[in-house]
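Subject: Structure for you to look over

Hello,

Here is the structure I promised to pass on. Please open it first, then read the notes below it.

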Amino acid sequence: MLLDHVYLSLVPLLVSVALAVVLGLLCHRFRRVRSALVGLSNVVYTIPSLALFAIIPAIVGTRVLDPLNVIIALTAYTTALLVRPVADALDAVPEHITAAATAMGFRPLRRFLAVELPLAVPVLAAGVRVGSVSNISLVSVGALIGTGGLGALFTDGFRQRYLAPIIVGIVLTLVLALVVDLLLVLLRNLLTPWARLEKP
């Protein structure tokens, strides 16, 4: 169950980061696109999770109990959560730095990958940390439609009126969230060594 929970929560997170970077770049480059994408993201994020899990099979043609339903739903949620932070992070990159990179001969794609995106990592990492905790908690809701994960401990405990599985599920979910958050902090520090050098 723990391995299922890790899979169902982290795969959407990885896919969402890639999608959010692309969408956030579009928001940063094209102001008219920004309002539409941010508005759409807000709408997606307000859809109740259980309802989204239930309607995805009808939209994409998967089986009701297919774990892919949870992955798609959480990918949509996390992407919606990250689009604005990515756009804001790219907006916060100082113009003189991007101008200097352009003057040095950096083409737009190289400038984005080598200059803008690395400088946006601290803000992006904060959003990813929120998204990871959100995913780890929402996976448990998927147990109501039989997709596995630690949420099965909650449904089993309620059905049997037995408290032990519920407590185990809560503890493991909290531990998983803390471990993933710690790993994300370590990854952020690894990707932004200059941030440590700036500290007194």
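**Overall layout**

Read along the sequence, the protein runs α-α-α-α-α-α-α-α-α. This is a predicted model, so please read everything below in that light. The secondary structure comes to 9 helices and 0 strands. Along its principal axes, the C-alpha trace spans about 65 × 45 × 20 Å.

I looked at three helix pairs and two pockets. The pairs come first.

**Helix 5 with helix 6**

Start with helix 5, residues 95–103, and helix 6, residues 108–138. Their axes lie 10 Å apart, and the packing angle is about 165°. Angles over 145 degrees count as roughly antiparallel, so helix 5 is roughly antiparallel to helix 6. The crossing is right-handed.

Which residues make the contact? Helix 5 brings Ile-97, Thr-98, Ala-101 and Thr-102. Helix 6 brings Arg-111, Val-115, Glu-116 and Leu-119. By class, this contact has 4 nonpolar, 2 polar and 2 charged residues.

**Helix 6 with helix 8**

Helix 6 also packs against helix 8, which covers residues 163–191. The axes of helix 6 and helix 8 come within 10 Å and cross at roughly 165°. That angle makes helix 6 roughly antiparallel to helix 8. The crossing is right-handed.

From helix 6, the contact takes in Val-121, Pro-122, Ala-125, Val-128, Arg-129, Ser-132 and Ile-136. From helix 8 come Thr-173, Leu-176, Ala-177, Val-180, Asp-181, Leu-184, Val-185, Arg-188 and Leu-191. Sorted by class, the contact of helix 6 with helix 8 has 11 nonpolar, 2 polar and 3 charged residues.

**Helix 3 with helix 4**

Next, go back towards the start of the chain. Helix 3 spans residues 49–60, and helix 4 spans residues 67–91. Helix 3 and helix 4 pack at an angle of about 115°, with their axes 9 Å apart. Their crossing is right-handed.

On helix 3, look for Ser-49, Leu-52, Phe-53, Ile-56, Pro-57 and Val-60. On helix 4, look for Asn-69, Val-70, Ile-72, Ala-73, Leu-74 and Tyr-77. How many residues of this contact are nonpolar, polar or charged? The contact of helix 3 with helix 4 has 10 nonpolar, 2 polar and no charged.

**The largest pocket**

Now the pockets. The largest pocket holds about 390 Å³ of space. Its lining counts 14 residues. Leu-14, Val-17, Val-128, Leu-184 and Leu-187 lie nearest its centre. Two of these names should be familiar: Val-128 and Leu-184 also take part in the contact of helix 6 with helix 8.

Which elements give two or more residues to this lining? They are helix 1 (2–29), helix 6 and helix 8. Helix 8 provides the largest share, 6 residues. By class, the lining of the largest pocket has 13 nonpolar, no polar and 1 charged.

**The second largest pocket**

The second largest pocket holds about 150 Å³ of space. Leu-23, Leu-37, Leu-40, Ser-41 and Val-44 are among its lining residues. So are Thr-75, Ala-76, Thr-79, Ala-80 and Val-83.

Helix 2 (31–45) and helix 4 each give two or more residues here. The largest share, 5 residues, comes from helix 4. Helix 4 thus appears twice in these notes: it lines this pocket, and it packs against helix 3. By class, the lining of the second largest pocket has 7 nonpolar, 3 polar and no charged.

**Where to start**

For a first look, put helix 6 in view. Helix 6 packs with helix 5, crosses helix 8 and helps to line the largest pocket. Then turn to helix 4 and the second largest pocket.

Best wishes

Technical notes. Residues are numbered from 1 along each chain as its sequence is written. This is a predicted model: local features need pLDDT of at least 70, side-chain atom pairs count only at pLDDT 80 or more; totals for chains, interfaces and linings use all residues. Side-chain values use heavy atoms; hydrogens and water are left out. Axes are lines fitted to C-alpha atoms, for helices over the stretch in contact, and angles run from 0 to 180 degrees between N-to-C directions. Helices (H or I, at least four residues) and strands (E, at least two) are DSSP runs, numbered from the N terminus. Angles under 35 degrees count as roughly parallel, over 145 as roughly antiparallel, 65 to 115 as roughly perpendicular and the rest as oblique. A crossing is left-handed if the near helix is turned anticlockwise from the far one by less than a right angle, and right-handed if clockwise. Contact means heavy atoms within 4.5 Å. Ala, Val, Leu, Ile, Met, Phe, Trp, Tyr, Cys and Pro count as nonpolar, Asp, Glu, Lys and Arg as charged, and the others, Gly among them, as polar. On a 1 Å grid over the protein atoms alone, a cavity is a set of points where a 1.4 Å probe fits but cannot get out, and a pocket is an open set with protein on both sides within 12 Å along at least five of seven lines; lining residues have an atom within 4 Å of a point. Grid points are joined across faces, edges and corners, and a volume is the space filled by probe spheres set on the points.
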